[in-house]
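Open the model in your viewer, switch on a cartoon view, and keep the selection box handy. We will go stop by stop, picking what to select next and looking at what is there.

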Amino acid sequence: MATKLKNDADQLLKLAYSEHYSSAFRLAFAKLKNNHQAEDCVQEAFLVLYKKYLNGEEIEYVRAFLFKTVNNLALKIIADNSRQAVLIPLEQVEYIPSQN
């Protein structure tokens with residue numbers, strides 16, 4: 001039974017990938033403006049979908065599920081990017097005010 005479930009999940013993922021990858025990538029790229037981050041985002045969304053298939057879950061609206069997942073992952077990436085510290089080389093620092 002597990003082998004059949006995996007085979008079914010594999011087939012459903014291949015179908016979803018062939019039908020929705022390019023539009024999911026365009027959505028991710030529109031949000032992230034970075035090829036590598038967009039690719040990672042879409043790969044992660046397809047991984048989420050695949051795990052659901054492996055658990056035997058049925059996704060009625062695959063495109064909507066993928067787009068919602070891509071959107072949420074892209075927002076998380078944007079939030080993570082905004083929290084990264086900006087490092088300035090010491091040579092560029094002109095004045096550090098004292099804290100009196």
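Helices here are DSSP runs of H or I with at least four residues, numbered from the N terminus. Keep in mind throughout that this is a predicted model.

**Stop 1: the segment after helix 3**

Select Y95, which sits in the segment after helix 3. Is Y95 buried or exposed? Its relative accessible area is 63%, so Y95 is exposed, the cut-off being over 50%. Now add N7 to the selection and draw a distance between the two C-alpha atoms: Y95 and N7 are 88 residues apart along the chain, and the separation is 63 Å.

**Stop 2: the start of helix 1**

Move to A2, a residue of helix 1. A2 is exposed, with a relative accessible area of 62%. Select L54 as well. A2 and L54 lie 52 residues apart along the chain, yet their C-alpha atoms are separated by 8.8 Å.

**Stop 3: helix 1 against helix 2**

Colour helix 1 (residues 2–32) and helix 2 (35–54) in two shades. Their axes are 8 Å apart, and the packing angle is about 150°. Angles over 145 degrees count as roughly antiparallel, so that describes helix 1 and helix 2. Their crossing is right-handed. What classes of residue make up this contact? There are 20 nonpolar, 3 polar and 3 charged residues in the contact of helix 1 with helix 2.

**Stop 4: the loop between them**

Select K33, in the loop between helix 1 and helix 2. K33 is not a glycine, but its phi is positive, at about 60°. With a relative accessible area of 62%, K33 is exposed.

**Stop 5: helix 1 against helix 3**

Hide helix 2 for a moment and show helix 3 (residues 62–82) beside helix 1. The two axes come within 10 Å and cross at roughly 30°. That angle makes helix 1 roughly parallel to helix 3. The crossing of helix 1 past helix 3 is right-handed.

To see the contact itself, show side chains on both partners:

- From helix 1, pick A16, H20, S23, A24, L27, A28, K31 and L32.
- From helix 3, pick V62, R63, L66, F67, V70, N71, A74, I77 and I78.

By class, these residues divide into 12 nonpolar, 3 polar and 2 charged.

Two residues of this contact deserve a visit of their own. K31 is in helix 1 and is partly exposed, with a relative accessible area of 35%. Which residues does K31 touch, leaving aside its neighbours within four places in sequence? They are N71, A74 and I78. You can also draw a C-alpha to C-alpha distance from K31 to L75: the two are 44 residues apart in sequence and 8.0 Å apart in space.

Next, select N71 in helix 3. N71 has 18% relative accessibility and counts as buried. Setting aside neighbours within four places in sequence, N71 is in contact with L27 and K31.

**Stop 6: helix 2 against helix 3**

Bring helix 2 back and look at it with helix 3. Their axes are 9 Å apart, and the helices pack at an angle of about 130°. Helix 2 and helix 3 are therefore oblique to each other. Helix 2 passes helix 3 in a right-handed crossing.

Show these side chains next:

- Helix 2 brings Q37, C41, V42, E44, A45, F46, V48, L49, K52 and Y53.
- Helix 3 meets them with V62, F65, L66, T69, V70, L73, A74, I77 and N81.

The residues of this contact divide into 14 nonpolar, 3 polar and 2 charged.

**Stop 7: the nonpolar core**

For the last stop, select C41, V42, L49, V62 and V70. These have the most contacts inside the largest nonpolar core, which has 22 residues. Which elements give two or more residues to this core? Helix 1, helix 2 and helix 3 do. Helix 2 gives the most, with 8 residues.

Finish by centring the view on C41. Apart from neighbours within four places in sequence, C41 is in contact with A28, L32, V70, L73, A74 and I77.

Conventions
Residues are numbered from 1 along each chain as its sequence is written. This is a predicted model: local features need pLDDT of at least 70, side-chain atom pairs count only at pLDDT 80 or more; totals for chains, interfaces and linings use all residues. Side-chain values use heavy atoms; hydrogens and water are left out. Axes are lines fitted to C-alpha atoms, for helices over the stretch in contact, and angles run from 0 to 180 degrees between N-to-C directions. Angles under 35 degrees count as roughly parallel, over 145 as roughly antiparallel, 65 to 115 as roughly perpendicular and the rest as oblique. A crossing is left-handed if the near helix is turned anticlockwise from the far one by less than a right angle, and right-handed if clockwise. Contact means heavy atoms within 4.5 Å. Ala, Val, Leu, Ile, Met, Phe, Trp, Tyr, Cys and Pro count as nonpolar, Asp, Glu, Lys and Arg as charged, and the others, Gly among them, as polar. A nonpolar core is a set of buried Ala, Val, Leu, Ile, Met, Phe, Trp, Tyr and Cys residues joined through side-chain atoms within 4.5 Å. Buried means under 20% relative accessible area, exposed over 50%, partly exposed in between (1.4 Å probe, protein chains only).
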